[in-house]
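Trainee: I'm new to this structure and don't know where to begin. Could you pick one part, look at it closely with me, and then work outward from there?

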Amino acid sequence: MLTLTGISKTFFRGGANEVAALDGISLDIEEGDFLTVIGSNGAGKSSLLNCLAGCFFPDAGRIVLDGRDITTLPEYARAAFLGRVFQDPLLGTSASLSIEQNLALASLRGQRRGLAPGVKARDRERFRRALARLSLGLENRMQAGVRLLSGGQRQALTMLMATLAEPRVLLLDEHTAALDPKTAAHILDLTERIVAEKRLTTLMVTHNMHQAIRLGNRLVMMHRGRVILDVRGEEKQSLTVEDLLRRFHSLRDGDGEAADDAMSDKMLLA
């Protein structure tokens, strides 16, 4: 349902800081796939998600979703069918609005909006039930300002908002990296549950290789803007961190690179 063909993007072309962020990326993603995306720093992981979200257009290649070419569709238009959770918990919500107002905005994703009450009475019970599933007590604070929430609470709310209208594709960009371990584990459990229940097609960028192996049905490894490994199903589930490191070195070295192994491991595991 989502196809990327020959996606390339170079930033600062012709300058001293020129970098090929994406170099001929091609992926066929089936409906319901849950991809975890890993790679060393600068591998192009976040650039891939930004390109899918429409933050920039590729220099070459095509992106097709449900048979529709969205390669040059602007970011605001893609928001109708793409949900996204960022690394920074502050980016996914509006701090000046209440919890229920944020959810009301999220529920209207992709719909026309007119002059009407922002939070309708019939929606409040739906919001209350959805919030109760977060197990954070937010269902009893729906009129509280989002600015009063902790980082973990805001990230959980962002996760709920990003999936409330059931997007065609969910993009998760290291969405637990800024959280403490206990809170991160809660958000990951929530992520796994929501994605499974709603059968959301999902791409999750992570630096945590244990998460990458445990979550999802497919694992993609990137390096220098290219996909160097794509495994799924039983092959993915049987992987270990040591397996991934060995494959990373084998594939990288087979491409003629001779970077220091210790530094490569440090970047991959950062």
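Mentor: Sure, let's start with Glu166, which is partly exposed because its relative accessible area is 47% (buried means under 20%, exposed over 50%, and partly exposed in between, using a 1.4 Å probe and protein chains only). Keep in mind that this is a predicted model, where local features need pLDDT of at least 70, side-chain atom pairs count only at pLDDT 80 or more, and totals for chains, interfaces and linings use all residues. As for bookkeeping, residues are numbered from 1 along each chain as its sequence is written, and side-chain values use heavy atoms, leaving out hydrogens and water.

Now, back to our residue. Glu166 sits in the loop between α5 and β7. These labels are DSSP runs numbered from the N terminus: helices are H or I with at least four residues, strands are E with at least two. Phi of Glu166 is near 50°, a positive value in a residue that isn't glycine. Most residues other than glycine have a negative phi. Phe12 does something of this kind: it is not a glycine, yet its phi is positive at about 55°. You'll find Phe12 in the loop between β1 and β2, and with 59% relative accessibility it counts as exposed.

Next, follow the loop of Glu166 to its two ends. On one end is helix α5 (residues 151–164), which lies across β6 and β7 (169–173) and runs at about 175° to β6. For that, contact means heavy atoms within 4.5 Å, while axes are lines fitted to C-alpha atoms, for helices over the stretch in contact, and angles between N-to-C directions run from 0 to 180 degrees.

On the other end is β7, and that strand brings us to a sheet. Two strands count as paired if DSSP finds at least two bridges between them. The sheet is open, with six strands in the order β6-β7-β8-β3-β9-β10 and mixed pairing. Its edge strands, β6 (82–85) and β10 (226–232), each pair on one side only. From one strand to the next, the twist averages 20°.

Stay with β6 and β7 for a moment. Side chains of opposite charge can pair when their charged atoms come close. Here, a salt bridge is a side-chain nitrogen of Lys or Arg within 4 Å of a carboxyl oxygen of Asp or Glu. Arg84 makes one with Asp173, and the closest N and O atoms are 3.8 Å apart. Arg84 belongs to strand β6 and Asp173 to strand β7, so this pair ties together parts that are 89 residues apart in sequence. Both Arg84 and Asp173 are buried.

Then hop to the far edge of the sheet. Strand β9 (residues 218–223) pairs with β10 in the antiparallel sense, over six bridges. Arg218 has Arg232 in β10 as its bridge partner.

A few salt bridges sit in the helices, too; the whole structure has 17. In one of them, Glu192 pairs with Arg214, with the closest N and O atoms 3.1 Å apart. This links helix α6 (residues 181–198), home of Glu192, to helix α7 (residues 209–214), home of Arg214, and the two residues are 22 residues apart. Glu192 is partly exposed at 31% relative accessibility, and Arg214 is partly exposed at 42%. In another, the side chains of Arg247 and Glu235 meet at 3.3 Å, N to O. Arg247 lies in helix α9 (residues 241–253) and Glu235 in helix α8 (residues 233–237), twelve residues apart. And here is one to trace on screen: salt bridges with shared partners join Asp33, Arg218, Asp230 and Arg232 into one network.

Finally, return to the strands around the loop of Phe12. Strands β1 (residues 2–11) and β2 (residues 19–29) run antiparallel and are joined by seven bridges, with Lys9 opposite Leu22 in β2. β1 also pairs with strand β4 (residues 60–65), antiparallel over five bridges, and there Thr5 has Arg62 as its partner. These strands belong to an open sheet of four, ordered β2-β1-β4-β5, with antiparallel pairing. β2 and β5 (68–69) are at the edges with a single partner strand each, so one side of each has no neighbour in the sheet.
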